[in-house]
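Trainee: I should like to go through the ligand surroundings in this model. May we take each ligand in turn?

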Amino acid sequence: MILVTGGAGFIGANFILDWLAACDEPVVNLDKLTYAGNLENLASLVRDARYGFVQGDIVDRALLDNLLAVHKPRAIVHFAAESHVDRSIRGPGEFIRTNVEGAFTLLEAARAYWSSLPSAEKAAFRFHHVSTDEVYGSLAPEAAPFAETHPYAPNSPYSASKAASDHLARAWFHTYRLPVSISNCSNNYGPFHFPEKLIPLVITSALAGKPLPVYGDGRQVRDWLYVRDHCVAIRRILAAGRAGETYNVGGDSEMSNIALIGMICALLDALRPRADGLSYARQIVHVADRPGHDRRYAIDARKIERELGWRPSETLASGIEKTVRWYLENEDWTARVQSGAYREWMTRHYGAAHG
Ligand code: NAD
Ligand code: DAU
């Protein structure tokens, strides 16, 4: 079996659903259930004998030791993190605790467990650390996309905490030979994306008649990857990736935020026109920029394509359309998410109009 951390979050939940659709190897999901953890994302697995859930914190070493001893996973896929840049700017402490101390604790527990395994299982073991392209910092408009050799230059408390965890993961391989692999991925989007992040925020706010907040001039560029493509990439790395290696994962889909918001508004105009017949683009408002806002990310994913034969299957156009349709068909999911801590955060961050 495999142990997944953070499996109740956006990518972790998609990963578990994708994993169990692709194979019968059991999964145990360890998740603290912070505001971002939503077990409803995995409701379809409640009676599935291949799936187990444990509520707990990756900083809790005793819990980790017990979990590893009881379940004896052949791999750990580490998603659990605080993941929202704006939250990290307002309150970095939890990012250091979970993303750095949590990664350290998990690596140490994994090392102790792995050291105790018989040699065949020891050789087959894998710790996969899920990370982000944000560790590389910001790219100039014409600069080449981030390759795995790009120097680290994190600019936000979030990306600094992820960079720290990447360094720990790398060091645990080099010093202790713990079989670690790392993936650094660009911006994901798709089903179960918590509506504090740009794409689900724009879809849900548009439908609710609320402002669509664009930070600064909106010309910041991100590379977007449909979440299922990320899940497939991680499965490929687990199956055939080399220990001690980093793989950059991206969608080959760069777009400015303002263009992306325009694309979403146009889709909504076609699929769920506003009652007054006007475009959702009328709801766009420019708001204060994010402090230290990275201007551009772009990923060079040639290594994972060359070594593991992975390529994204969705284009940005096909993936965004699927995503918009998912939010239109799952408005009850959004409503339940928005009735909790999410609403408090939105009010504090953007003001009463968005709460
Ligand atoms: P998310 O915020 O949606 O989910 C994080 C999950 O981790 C939640 O279920 C939460 O309850 C859990 N968690 C948080 N702290 C925990 C702790 N101390 N112990 C146990 N569980 C805890 O995040 P996401 O967007 O799904 O991202 C998952 C991973 O992928 C993160 O490591 C993130 O850095 C990385 N990543 C995300 C993106 C993206 O675009 N979302 C892109 C590249 C990499
Ligand atoms: O690049 C990978 C990263 O992508 C992941 O590591 C992070 O976990 C994930 O949250 C995401 O980070 P971003 O900061 O790029 O995502 P976010 O959706 O917060 O913002 C995307 C872009 O949209 C960014 O340039 C900021 C802008 N934005 C965001 C929000 C929430 C706005 O203009 N307005 C908004 O209200």
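**The shells around the two ligands**

Mentor: In this predicted model, at least two residues of the shell around ligand 1 come from each of α1 (10-22), β5 (126-132), α6 (157-176) and β7 (187-189).

Trainee: Which element gives the most to the shell around ligand 1?

Mentor: The shell comprises 28 residues, with I11, D31, S83, Y158 and K162 the closest. With 3 residues, the element that gives the most is β5.

Trainee: What percentage of the area that ligand 1 exposes when taken alone does the protein bury?

Mentor: Polar contacts include a backbone polar atom of G9 at 2.9 Å from an oxygen atom of ligand 1, and a side-chain N or O atom of D31 at 2.6 Å from an oxygen atom of ligand 1. A nitrogen atom of ligand 1 lies 3.0 Å from a backbone N or O atom of I58. Taken alone, ligand 1 exposes 830 Å², and the share buried by the protein is 97%.

Trainee: Which residues come nearest to ligand 2?

Mentor: Side-chain N or O atoms of T132 and N187 each lie 2.7 Å from an oxygen atom of ligand 2. Of the 25 residues around ligand 2, those that come nearest are T132, D133, Y158, N187 and R290.

Trainee: How many charged residues does the shell around ligand 2 have?

Mentor: α3 (85-90), α7 (198-207) and β8 (212-215) each supply at least two residues of this shell, and β8 gives the most, with 3. By class, the shell around ligand 2 has 10 nonpolar and 8 polar residues, and its charged residues number 7.

Notes:
Residues are numbered from 1 along each chain as its sequence is written. Chains are lettered from A and ligands numbered from 1 in the order in which they are written. This is a predicted model: local features need pLDDT of at least 70, side-chain atom pairs count only at pLDDT 80 or more; totals for chains, interfaces and linings use all residues. Side-chain values use heavy atoms; hydrogens and water are left out. A residue is near a molecule or strand if one of its heavy atoms lies within 4 Å of it. A polar contact is a pair of N or O atoms within 3.5 Å; within protein, one must be able to donate a hydrogen and the other to accept it, and residues adjacent in sequence count only if both atoms are side-chain atoms. Helices (H or I, at least four residues) and strands (E, at least two) are DSSP runs, numbered from the N terminus. Ala, Val, Leu, Ile, Met, Phe, Trp, Tyr, Cys and Pro count as nonpolar, Asp, Glu, Lys and Arg as charged, and the others, Gly among them, as polar. Accessible areas come from the Shrake-Rupley method with a 1.4 Å probe; for residues, only the protein chains shown count as cover.
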